[in-house]
Amino acid sequence: DDKLTSLNLEKADSLLALGGDWDRRNRLKVYKATYLISIRKFGDAAKLFLETVSTFTSLELMEYKDFIILTVLACIISLKRPDLKKKVVHGPEIQQMLHELPE
């Protein structure tokens with residue numbers, strides 16, 4: 001499954017290079033980040049997730065709250081403390097959703 005997923009993500013990248021809007025680019029970043037988590041590349045996944053926090057539209061893949069949870073988990077594993085504080089702890093979109101989650 002990893003090879004097939006990787007191949008399809010590369011194919012999507014090449015198609016997007018031919019022409020695509022910001023929404024499709026952001027959706028592809030979310031798909032890539034989800035794949036990267038599945039192969040344990042948390043640093044790369046965290047970077048892509050953080051790039052798409054404010055413009056997340058991939059509701060066909062996961063709900064926004066699940067996206068935020070994955071983002072936080074990937075960041076906790078991979079970011080250094082100052083970056084974690086700056087990008088996650090003080091990130092307004094992330095904070096808003098974390099306050100809405102049950103304890």
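**Around Ser-58: a walk through the predicted model**

Let me begin with one residue, Ser-58, which touches Arg-27, Val-30 and Tyr-31 once residues up to four places away in sequence are left aside. Please keep in mind throughout that what we are looking at is a predicted model. Ser-58 itself sits in the loop between α3, which covers residues 42-52, and α4. Is Ser-58 buried or exposed? Its relative accessible area is 1%, and because anything under 20% counts as buried, Ser-58 is placed in the buried class. There is also a relation to Asp-23 that I would like to point out, since the two residues are 35 apart in sequence, while their C-alpha atoms are 9.1 Å apart in space.

From there I turn to the salt bridges, of which the structure holds five, and I will go through three of them. In one, the side chains of Arg-27 and Glu-60 meet at 2.6 Å, N to O. Arg-27 belongs to helix α2 and Glu-60 to the loop between α3 and α4, so this pair ties together parts of the chain that lie 33 residues apart in sequence. Arg-27, which we have already met as a contact of Ser-58, is partly exposed at 24% relative accessible area, and Glu-60 is likewise partly exposed, with a value of 48%.

Another salt bridge brings together the side chains of Lys-29 and Glu-51, at 3.0 Å from N to O. Here the pair links distant parts of the chain, with Lys-29 in helix α2 and Glu-51 in helix α3, 22 residues apart. Lys-29 is partly exposed, at 26% relative accessible area, and Glu-51 is partly exposed as well, at 35%. Which residues are joined into one network by salt bridges that share partners? They are Asp-23, Arg-27 and Glu-60.

The last salt bridge I will describe is formed by the side chains of Lys-32 and Asp-13, with 2.6 Å between N and O. This pair, too, links distant parts of the chain, Lys-32 being in helix α2 and Asp-13 in helix α1, 19 residues apart. With a relative accessibility of 23%, Lys-32 counts as partly exposed, and Asp-13, at 32%, is also counted as partly exposed.

Let me move now to the pockets. The largest pocket has a volume of about 190 Å³. Its lining is made up of Thr-5, Leu-9, Ala-12, Leu-16, Arg-24, Leu-28, Tyr-31, Thr-34, Tyr-35 and Leu-61, and you will recognise Tyr-31 from the contacts of Ser-58. Which helix gives the most to this lining? That is α2, with five residues, although α1, residues 2-18, and α2, residues 22-38, each supply at least two.

Finally, I would like to look at the surface, where Ile-69, Leu-73, Ile-76 and Ile-77 form a nonpolar patch whose members together have about 360 Å² of accessible area. Ile-69 is found in helix α4, which runs over residues 64-78. With a relative accessible area of 34%, Ile-69 is partly exposed, and it therefore passes the cut-off of over 30% that is set for patch residues.

To close where we started, Ser-58 is buried and touches, among others, Arg-27, while Arg-27 in turn meets Glu-60 in a salt bridge.

Note on methods:
Residues are numbered from 1 along each chain as its sequence is written. This is a predicted model: local features need pLDDT of at least 70, side-chain atom pairs count only at pLDDT 80 or more; totals for chains, interfaces and linings use all residues. Side-chain values use heavy atoms; hydrogens and water are left out. Patches are made of residues with over 30% relative accessible area and no salt bridge: like charges are joined within 9 Å, nonpolar side chains (Val, Leu, Ile, Met, Phe, Trp, Tyr) within 5 Å. Accessible areas come from the Shrake-Rupley method with a 1.4 Å probe; for residues, only the protein chains shown count as cover. A salt bridge is a side-chain nitrogen of Lys or Arg within 4 Å of a carboxyl oxygen of Asp or Glu. Helices (H or I, at least four residues) and strands (E, at least two) are DSSP runs, numbered from the N terminus. Buried means under 20% relative accessible area, exposed over 50%, partly exposed in between (1.4 Å probe, protein chains only). Contact means heavy atoms within 4.5 Å. On a 1 Å grid over the protein atoms alone, a cavity is a set of points where a 1.4 Å probe fits but cannot get out, and a pocket is an open set with protein on both sides within 12 Å along at least five of seven lines; lining residues have an atom within 4 Å of a point. Grid points are joined across faces, edges and corners, and a volume is the space filled by probe spheres set on the points.
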